[in-house]
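Hello,

Here is the structure I promised to pass on. My notes on what turned up follow below it.

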Amino acid sequence: MVGMAVPVCMLMRMPVTVVAVRMVVVMLVRVIAPGADVRIALDVIVMTVTLCVGVIGVGMSHGESVTQQQLHRTTIPAGASGHPGCTRRYRPGVGRGYARGMNSPDALTPPLSPAPSLPTPLEWRRFGVGLLHAAGLAGLGAGVIFFVAANWQAWGVLGRFALLGAGVVICAGLASWRTPPQRIGQGALLLGTLFIGALLALFGQTYQTGADLHELFFTWAALALPFALAALSGAVWAVWWIVLDVGLGLLCGIVGLDHLVWRLIAGWGWQRETVLMLPCVVNLGAAALFLALRATRFADAAPPWLSRLLLTIGLGYGTAAAMIVVLDRHDASGSALVLYGVFSAAIAVGTWRARRDVFPLTALAGSWVAISTVALANAMRFEDIGAFFVVALWLIASSTVASIALMRWHRAWRSATEPGVLP
Amino acid sequence: MTADAIAMPNSKNNDRPLAISLLLGASGWIAGLFMLAFVAALFRPDSTAQAAFCGITLLVAAWGLFKVDGDGAQVFVAQLALALSIAGQCLVLYAMSGDAHGIEPIANAALVLQVALALVMPNRLHRTLSTLFACIAWALTVRYALVGNPDFGARGDAVRIAPSLALAIVAWLVAWLPVVAALWWLIRRGAVPTLQRWQVVVQPIVTGFIIGLAFATIASQPFESWRWWGGGEAAVGGLVLWPLLSALGALAAVAAAFARHQRGLMSVCVVAALLHVSHFYYALGTSLVVKSLLMLAMGAAALIAARALRPTENA
């Protein structure tokens, strides 16, 4: 490795530095860790220093060029000295001084990112009302759930059922009085959705029906579906999907494959990783559906964050399935990995063609960085210390490549949609 | 001179979406742990002096690489530097508190280290992460200063504390009011000319404070208030209220994110508030009936307040 490092340093025209570093490192390693293998330590440190120094050298020049380009683009008026259109020669010294953060003339002062302007009092008030409204609804919902979970003995069974049933009826009545998209109606339906879950939990708690937990969540989702449809609200849909996802997660991730539900599928030879693709498909399909709804009159019921949430959950399930495959647990078949790869490719192509939001590609990048890192770590088995370095380097390199591409697309797409934003 | 050394020119990556920052931060952090394992296996820094030397070397290398990447254009350099820095921080932390017993000295050392790194490291993501870890270290420092080290018995049961409700609220405020005040001051005074040229430093630190206020409050919760290894009932007294206070802290973080126009961060803080409410459900110390009545009362009060504050049509 030293043999490789020295020519690199010579290319950087800094052989004296390398020799000095070698001498210092040898002395320090011998003083601090007499038992350590000096040769290996030297190799690693020289390579690291070489890399740092090389990058610093390259970075200095690149940083300046980028800075100067920005200077041309953003701060120098047309016709002024230093502008590309001006015939007078550009003075690189000025740019260099600016690049290093030194004092510069006012005209060339870099555009420091200003502190974001504070919201106006009216904006604060609107925000406060929205936050208090959401917190109030969440507090009431949580209070009811806590109350039912307390299994309060002072109330009889009928009294508790009557209390929750009345809650559902009152919510439905409020929603029909102030129909959505009015805020009172939406809030009432959100609370009603929570009350339905509490009612079902109370039923299971009281009568010990023996039903599995996932059945409770599926029943909850089925009964609350009319509320979600009527509410025309992203928040209510988010709650509904979380309920459904908990049920799917329990069924596909926890329940054994010998369960009645899975007997048929087990007969097809499916395993856990294939089963986990079911919630993946459901969530990705839902994300696509809500994205499509954005172009219809139901756009208010399909906020962008809901599609992002569903996409993230779907990719989470897919990532879990793919990781089971790459870890080669239980003689896992590769079909889930292939299926997830196909879905990933489809999402990537769709996002690329739409050229609107870079979030799906970011989530995909995160998912595949995680899968590839697990696969690499599993393959290397960490039998020697170099494996740790390789995995670290892979994480750095893969996330770097992903973020460079993502930022480039993010800026390009923003500049195409938002006037005034430079690519 | 110091100001010039710390304040950097405008970062080109101010427009980086939160999701990409999360991808970079998580990857860099995990890479840092692998780098730490690599460095530890290679050099075997058994003594604090060896650990300090390795750690400081890595931190200096990270600083140099970040300095090169002043405009945030070279992501590989920044990611490499972040990984080196994480490994270096762990080693320096070990060196600073290697001979100490208990978590308190580690928290103290981490607080000093993270505050220094938040100011010195010329990288937005690193400053945000350092501020977040400084918040966690601060919470642990105050928590141990107030209630001391947990004394786990031979069978795994901690000696439990049961402060009064008033004392618990005061303790929480002592821990987190300074963070709220610092956040409020930085946001309110952000437009002052003296702070304007420090925006490159201030903005990521504010983001770190917001995330810290949303999530790190859980670090204040004493270990004794959790049920460990199926231990006996916990007599936590007024500490049962802390998750609820943490939820309020997360809502304050939502407001701070709103003031900074950071919508992604607002969503993250809302998730934190919901997590704290879930924690409140499991918190030991009082009955679920009392908790439910408390939640219902707070919910009703919030709705009434929202109704009263609703802007008029003229406004």
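B:Lys291 places its charged end over the ring of B:Phe280, 5.7 Å from the ring centre. Please keep in mind that this is a predicted model. B:Phe280 also belongs to a cluster. Ring pairs join it there with A:Phe146, B:Tyr281 and B:Tyr282.

Chain A has a charge over a ring too. A:Arg178 lies over the face of A:Trp177, and the distance to the ring centre is 4.3 Å.

A:Trp177 comes up again at the surface. Together with A:Ile170, A:Leu174 and A:Ile184 it makes a nonpolar patch of about 400 Å². Which helix gives the largest share of that patch? H6(A) does, with three residues. A:Ile170 is found in helix H6 of chain A. Its relative accessibility is 53%, and the cut-off for exposed is over 50%. A:Ile170 therefore counts as exposed.

Now the aromatic pairs. Over all chains, the structure holds 18 of them. Take A:Phe161 and A:Phe203. Their ring centres are 6.3 Å apart. Their planes meet at 70 degrees, so this pair is edge-to-face. The cut-off for that label is over 60 degrees. The pair links distant parts of the chain, 42 residues apart. A:Phe161 sits in helix H6 (residues 157-177) of chain A, and A:Phe203 in helix H7 (residues 183-207) of chain A.

Are the two residues buried or exposed? A:Phe161 has a relative accessibility of 18% and counts as buried, since buried means under 20%. A:Phe203 has a relative accessible area of 40%, so it is partly exposed.

Chain B offers a tilted pair, B:Trp29 with B:Phe133. The centres are 5.6 Å apart, with 50 degrees between the planes. B:Trp29 lies in helix H2 (residues 18-43) of chain B. B:Phe133 lies in helix H6 (residues 124-147) of chain B. The pair therefore ties together parts that are 104 residues apart in sequence. B:Trp29 is partly exposed, at 28% relative accessible area. B:Phe133 counts as partly exposed as well, at 23%.

Last, some backbone points.

- The peptide bond from A:Pro180 to A:Pro181 is cis, with omega near 15 degrees. A:Pro181 is found in the loop between H6 and H7 of chain A.
- A:Leu232 is not a glycine, yet its phi is positive, at about 55 degrees. A:Leu232 lies in the loop between helix H8 (213-231) and helix H9 (234-254) of chain A. With a relative accessible area of 27%, A:Leu232 is partly exposed.
- B:Arg44 has a positive phi of about 45 degrees, and it is not a glycine either. The loop between H2 and helix H3 (48-68) of chain B holds B:Arg44. At 55% relative accessibility, B:Arg44 counts as exposed.

If you open the model, here are some places to look at:

- the ring of B:Phe280, with the charged end of B:Lys291 over it;
- the nonpolar patch with A:Trp177;
- the edge-to-face pair of A:Phe161 and A:Phe203;
- the cis bond from A:Pro180 to A:Pro181.

Best wishes

Technical notes:
Residues are numbered from 1 along each chain as its sequence is written. Chains are lettered from A and ligands numbered from 1 in the order in which they are written. This is a predicted model: local features need pLDDT of at least 70, side-chain atom pairs count only at pLDDT 80 or more; totals for chains, interfaces and linings use all residues. Side-chain values use heavy atoms; hydrogens and water are left out. Rings of Phe, Tyr and Trp (its six-membered ring) pair if their centres lie within 6.5 Å; planes under 30 degrees apart count as stacked, over 60 as edge-to-face and the rest as tilted. Helices (H or I, at least four residues) and strands (E, at least two) are DSSP runs, numbered from the N terminus. Buried means under 20% relative accessible area, exposed over 50%, partly exposed in between (1.4 Å probe, protein chains only). A charge sits over a ring if NZ of Lys or CZ of Arg is within 6 Å of the ring centre and within 35 degrees of the ring normal. Patches are made of residues with over 30% relative accessible area and no salt bridge: like charges are joined within 9 Å, nonpolar side chains (Val, Leu, Ile, Met, Phe, Trp, Tyr) within 5 Å. Accessible areas come from the Shrake-Rupley method with a 1.4 Å probe; for residues, only the protein chains shown count as cover. A salt bridge is a side-chain nitrogen of Lys or Arg within 4 Å of a carboxyl oxygen of Asp or Glu.
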